Each structure stands twice: as C-alpha cells, then as structure tokens.
Amino acid sequence: MKIHLRVWRQAGPDKPGRLVPYTADNVSPDMSFLEMLDVVNEGLIARGEDPIAFDSDCREGICGTCGFLIDGLPHGPQRGSTVCQLHMRAFSDGDTLVLEPWRARAFPPIKDLVVDRSAFDRIIQAGGYTSINVGGAQDANAILIPKPVVEQAMDSAACIGCGACVAACKNASAVLFTSAKITHLGLVPQGQVERYTRVINMVDRHDAEGFGSCSNEGECEAVCPKEISITNIARMNRDYLKATLIRGVNG
Ligand code: SF4
Ligand code: FES
C-alpha cells in the first residue's frame, strides 16, 4: 500500500505550525498506524530530517499515551480503538490522511502531534484517589459489593486518560474523563467517605484548567477508545448538585 500523509509539524509550543506532505511506501496492511509512522520516521532520520514527534508507550491500547487526529477523528476511524491498535488495513491504497494533534486550550502544543495533557493529572490530584485507610487486598475481598455495581465501577475505571473525548468535543470539555474517574470511586464502598468533596474538587479543577462545559453532544462517547458512557456525566452532575446542597447545609 502507498499512503499519502499530511502531518502537522510544529517545532515547539510557540513556533508556527503547518501541514507537511509525506508519502509512506510499501505499507503492509498488517502494520499498526504507529508502526507505519515509525517507518516514515526512519526515512526522515536517514535523510537527516527531524522525525515526526508523537506519543506512545504500551502500544496495546491500555496506557492512554497515544492519540492524535486522523482526518479530524480522534484515534482514527475504528470505533473503540486507540490509534496504537489501529491497523493499516482500515485504509485503502492511495489514501491521503491528515494527522493533527489534539486541539484544546487546556492541552497546549509541545511538538508536532504531542500536546501537554498534564491538566488531566491535576484533575486527578484534586481528588481522584482515596486517602482513607481501606486495608489490604484481603480486606477488599471481605467487603461484598453487588456484581452490577462492580461492573459499572469497572466500566468507568477503564478510562485510560487519553484525551480523545476533549479533542472530539466542540466545547473542549473533559467531563467524560472527569466523570469516569469520579464514578469509579463514587460507586464502591471505599470511595464513599470522600465522595462529595471529591466531586466538588475535581469538577472545580476541571473548570480551572480551561476545559469547556458539557452541552450533551455525545461526541466524547462516540470516539472514546474505551467506550465510556455519557451516563457517567449524568451521575457526576447529580453528585455535584448533592454535594453543593450538603455544603450549603454545613455552611
Ligand atoms: S473518557 Fe475515553 S476518550 Fe476520554 S480520556 Fe477516558 S478513555 Fe480517553
Ligand atoms: S500507546 Fe498505550 S494506549 Fe496507545
């Protein structure tokens, strides 16, 4: 296969960027998208040019490090998949693909397809944990939790923090990510003690980082590689409302 690429190249955060054309020859349909980019980069390095910067780590769809737009779609056209799990057989010989980084004010550019997603870390730091002593693994096994609740908590915990939901949202909102992190702790007994302080602190941090509000468009759910449901957002909003009422009562 021959694939034509138009890749966003930007040397640094304050440098101007532009789309640069490249051609990937002899692409195997069994290559992953990132392996195809590796081959393009080997060619660039051999010619003494700067390779295309992009993030990746596990390349197994579990770490959340990879991610960019392919023809405007976060992680590309394959539903429920990260870009590292996307293979070239999803495209046709001769295709032209436009690669761009996530575009959101809260994700400032670093280089080429790499953006700074540390805003997500700061949302987690605001409350995405339990700070009470919940014991060891054997204690967790002693606390019985109904299976449907565990399943729901695990579905929310599947969020890998990639940022595709933000990139897809016209408001650059990160509420799918934030609500998934709030929900997976808010459903289990170990997360109850801090449930209402957590939702206030994490939502306030989300807003302070410059992410937009949710207007129920649903693009986030459509592009999420872990198919996180927007019902997490409804649950977060209910908990936030309850938390503000509790705070009002307690002064
Ligand atoms: S909710 Fe989905 S798209 Fe958003 S950060 Fe988590 S895994 Fe990525
Ligand atoms: S590199 Fe880990 S999810 Fe893609």
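The lining of the largest pocket comprises five nonpolar, three polar and four charged residues. The model behind this report is predicted.

**The largest pocket**

This pocket has a volume of about 160 Å³. Its lining takes in Gly 64, the run Val 115, Asp 116, Arg 117 and Ser 118, then Phe 120, Asp 121 and Ile 124. Ile 160, Gly 161, Phe 177 and Lys 181 complete the lining of the largest pocket. Two elements give two or more residues each: helix H2 (118-125) and helix H6. The top contributor to the lining is H2, with four residues.

H2 also has a buried side. Ser 118, Ala 119, Phe 120 and Ile 123 are its buried residues. Their cover includes H5, H6 and helix H7 (195-208). Ser 118 and Phe 120 line the largest pocket, and both are listed among the buried residues of H2.

**The cavities**

How many cavities of 30 Å³ or more does the structure hold? There are three. The table sets out two of them.

| Cavity | Volume | Lining residues by class |
|---|---|---|
| Largest | about 120 Å³ | eight nonpolar, four polar, two charged |
| Second largest | about 90 Å³ | 10 nonpolar, two polar, one charged |

Take the largest cavity first. About 120 Å³ of space lies inside the largest cavity. It is lined by 14 residues, and those closest to its centre are Cys 214, Glu 217, Gly 218, Cys 220 and Ile 233. H6 and helix H8 (219-223) each supply at least two residues of this lining.

Now the second largest cavity. Its volume is about 90 Å³. Of its 13 lining residues, Cys 159, Cys 162, Cys 165, Cys 224 and Ile 228 are the closest to the centre. Here H6 gives the most, with three residues.

**Ligand 1**

Where does ligand 1 sit? Ligand 1 occupies the second largest cavity. The elements that give two or more residues to the shell around ligand 1 are helix H5 (164-168) and helix H6 (175-186). The shell counts 13 residues, with Cys 159, Cys 162, Gly 163, Cys 165 and Cys 224 the closest to the ligand. Cys 159, Cys 162, Cys 165 and Cys 224 are also among the residues closest to the centre of that cavity.

By class, the shell has 11 nonpolar residues, two polar and no charged. The lining of the second largest cavity, by contrast, includes one charged residue.

H6 recurs through these sites. It gives two or more residues to the lining of the largest pocket. It supplies at least two to the lining of the largest cavity. It gives three to the second largest cavity, and two or more to the shell of ligand 1.

**His 4**

His 4 belongs to strand E1 (residues 3-10). Is His 4 buried, exposed or partly exposed? His 4 counts as partly exposed because its relative accessibility is 29%, and that class runs between the 20% limit for buried and the 50% limit for exposed.

Leaving aside neighbours within four places in sequence, His 4 contacts Tyr 22 and Thr 23. It also contacts the run Gly 94, Asp 95, Thr 96 and Leu 97. Met 202 is another matter. Its C-alpha atom is separated from that of His 4 by 42 Å, and the two residues are 198 apart along the chain.

Notes. Residues are numbered from 1 along each chain as its sequence is written. Chains are lettered from A and ligands numbered from 1 in the order in which they are written. This is a predicted model: local features need pLDDT of at least 70, side-chain atom pairs count only at pLDDT 80 or more; totals for chains, interfaces and linings use all residues. Side-chain values use heavy atoms; hydrogens and water are left out. A residue is near a molecule or strand if one of its heavy atoms lies within 4 Å of it. On a 1 Å grid over the protein atoms alone, a cavity is a set of points where a 1.4 Å probe fits but cannot get out, and a pocket is an open set with protein on both sides within 12 Å along at least five of seven lines; lining residues have an atom within 4 Å of a point. A molecule sits in a cavity or pocket if more than half of its atoms lie within 2 Å of its grid points. Ala, Val, Leu, Ile, Met, Phe, Trp, Tyr, Cys and Pro count as nonpolar, Asp, Glu, Lys and Arg as charged, and the others, Gly among them, as polar. Grid points are joined across faces, edges and corners, and a volume is the space filled by probe spheres set on the points. Buried means under 20% relative accessible area, exposed over 50%, partly exposed in between (1.4 Å probe, protein chains only). Contact means heavy atoms within 4.5 Å.
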